[in-house]
Amino acid sequence: MRIEYHPSVRVDVAVAMRRYKVVSEKLAGDFKAELRSLIAIAAANPNRFHPVKPGFRRANLERFPYHFIYREIQQGIRVILVRHHRRHPAVGMDRQ
């Protein structure tokens, strides 16, 4: 299984990590671990999560109010964005 990331995903994750590091390093680490785990699950079974628009799917983290949007690619997925649930649904959807 292959996982690709839009270049802006690194910034998305860094912003979330800064937010959680203010509370505790452990919480930030837990966020990153859950995100990585869920991305691996999506890559193993790209159709598992619900579509948000043609060709794009959304996976919600369980413990944190974040989700990521991805699209299926040859033998895996491409993560387009990681965003807080309260962000406007159009934020980042212009990425490919």
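## Reading strands and surface in a predicted model

User: I'm new here. Does Tyr 5 count as buried, exposed or partly exposed, and what is the reason?

Analyst: Welcome! Keep in mind that this is a predicted model. The general idea is that a residue is buried under 20% relative accessible area and exposed over 50%, with partly exposed in between. Tyr 5 has 43% relative accessibility, so it counts as partly exposed. You will find Tyr 5 in strand β1, residues 2–5.

User: Which residues make a nonpolar surface patch with Tyr 5?

Analyst: Met 1 and Ile 3 join Tyr 5 there, and the patch covers about 330 Å².

User: Now for strand β4. Why is it largely enclosed by the rest of the structure?

Analyst: The same cut-off helps: buried means under 20% relative accessible area. Strand β4 spans residues 66–73, and six of its eight residues are buried, so the rest of the structure largely encloses it.

User: How do I read its pairing, and which strand is joined to β4 by four bridges?

Analyst: Generally, two strands pair if at least two bridges are found between them. Strand β3, residues 56–60, runs antiparallel to β4 and is joined to it by four bridges. Asn 60, for example, has His 67 in β4 as its bridge partner. These two strands form a hairpin, with five residues between them.

User: And how many bridges pair β4 with β5?

Analyst: Eight bridges, again in the antiparallel sense, with β5 covering residues 76–84. Look at His 67 once more: Arg 83 in β5 stands opposite it.

User: What lies between β4 and β5?

Analyst: Two residues separate them in a hairpin, and Gln 75 in the turn has a positive phi of about 65°.

Notes:
Residues numbered from 1 in each chain as written. Predicted model: local features only at pLDDT ≥ 70, side-chain atom pairs only at ≥ 80, totals over all residues. Heavy atoms only, no water. Buried < 20%, exposed > 50% of the residue type's maximum accessible area, 1.4 Å probe, protein only. Patch = residues over 30% accessible without salt bridge, like charges linked within 9 Å, V, L, I, M, F, W, Y side chains within 5 Å. Areas by Shrake-Rupley, 256 points an atom, 1.4 Å probe, with all protein chains shown as cover. Salt bridge = Lys/Arg side-chain N within 4 Å of Asp/Glu carboxyl O.
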